[in-house]
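Reader: I have a structure to read and little practice. Can we go through it step by step?

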Amino acid sequence: MEMIQLQFDSQTLSLARQIASIQHTTLETLIQEWVEKFAHPTPVVNDPFGGLFAQDRDFLDQIVAEAMQDRQSQPLRQTNGHG
């Protein structure tokens with residue numbers, strides 16, 4: 001592993017430290033994760049609703065599962081016996 005030295009202004013360094021703290025990680029690990037994300041970006045999908053939950057796919061799966069359960073118990077169209 002190589003060591004590098006970075007220079008940040010105090011405001012940027014403070015913000016980076018706050019982000020690392022929120023993420024429960026070190027500044028070094030945070031920067032490494034950012035480099036990895038930029039090296040392998042997630043494909044952008046032209047889906048504004050799905051994009052809202054891009055970082056929380058488990059939550060989106062839960063929403064879809066609940067919607068499917070509701071649809072099974074309460075169909076959108078009731079035919080009243082007529083095909």
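**Reading a loop, a helix and a contact**

Author: Start with H24, which sits in the loop between α1 and α2. Keep in mind that this is a predicted model.

Reader: What is the phi of H24?

Author: Its phi is positive, about 55 degrees, although H24 is not a glycine. In chain order, H24 follows α1.

Reader: Is H24 buried or exposed?

Author: Look at relative accessibility, where over 50% means exposed. H24 has 74%, so H24 counts as exposed. For the protein as a whole, buried residues make up 6% of the 83 residues.

Reader: How many helices and strands does the protein have?

Author: There are 4 helices and 0 strands. Read from the N terminus, the order is α-α-α-α.

Reader: How do I check the length of α1?

Author: Use the rise of 1.5 Å a residue. For the 13 residues of α1, the expected span is 18 Å. The end C-alpha atoms of α1 are 18 Å apart, so the two agree.

Reader: What caps the N-terminal end of α1?

Author: D9 does. One of its side-chain oxygens lies 3.1 Å from the backbone nitrogen of Q11.

Reader: At what angle do α1 and α2 pack?

Author: Compare the two axes. Helix α1 covers residues 10-22 and helix α2 covers residues 27-39. They pack at about 90 degrees, with axes 9 Å apart. Angles of 65 to 115 degrees count as roughly perpendicular, so α1 is roughly perpendicular to α2.

Reader: Which residues make the contact?

Author: From α1 come L13, A16, R17, I19 and A20. From α2 come L27, L30 and W34. Now sort them by type. The contact has 7 nonpolar residues, no polar ones and 1 charged.

Reader: Why do residues three or four places apart point the same way in an α-helix?

Author: An α-helix has 3.6 residues a turn, so residues with that spacing point the same way. Try it on the α1 list, which includes L13, A16 and A20.

Key
Residues are numbered from 1 along each chain as its sequence is written. This is a predicted model: local features need pLDDT of at least 70, side-chain atom pairs count only at pLDDT 80 or more; totals for chains, interfaces and linings use all residues. Side-chain values use heavy atoms; hydrogens and water are left out. Axes are lines fitted to C-alpha atoms, for helices over the stretch in contact, and angles run from 0 to 180 degrees between N-to-C directions. Helices (H or I, at least four residues) and strands (E, at least two) are DSSP runs, numbered from the N terminus. Angles under 35 degrees count as roughly parallel, over 145 as roughly antiparallel, 65 to 115 as roughly perpendicular and the rest as oblique. Contact means heavy atoms within 4.5 Å. Ala, Val, Leu, Ile, Met, Phe, Trp, Tyr, Cys and Pro count as nonpolar, Asp, Glu, Lys and Arg as charged, and the others, Gly among them, as polar. The expected span of a helix is 1.5 Å times one less than its number of residues. A polar contact is a pair of N or O atoms within 3.5 Å; within protein, one must be able to donate a hydrogen and the other to accept it, and residues adjacent in sequence count only if both atoms are side-chain atoms. Buried means under 20% relative accessible area, exposed over 50%, partly exposed in between (1.4 Å probe, protein chains only).
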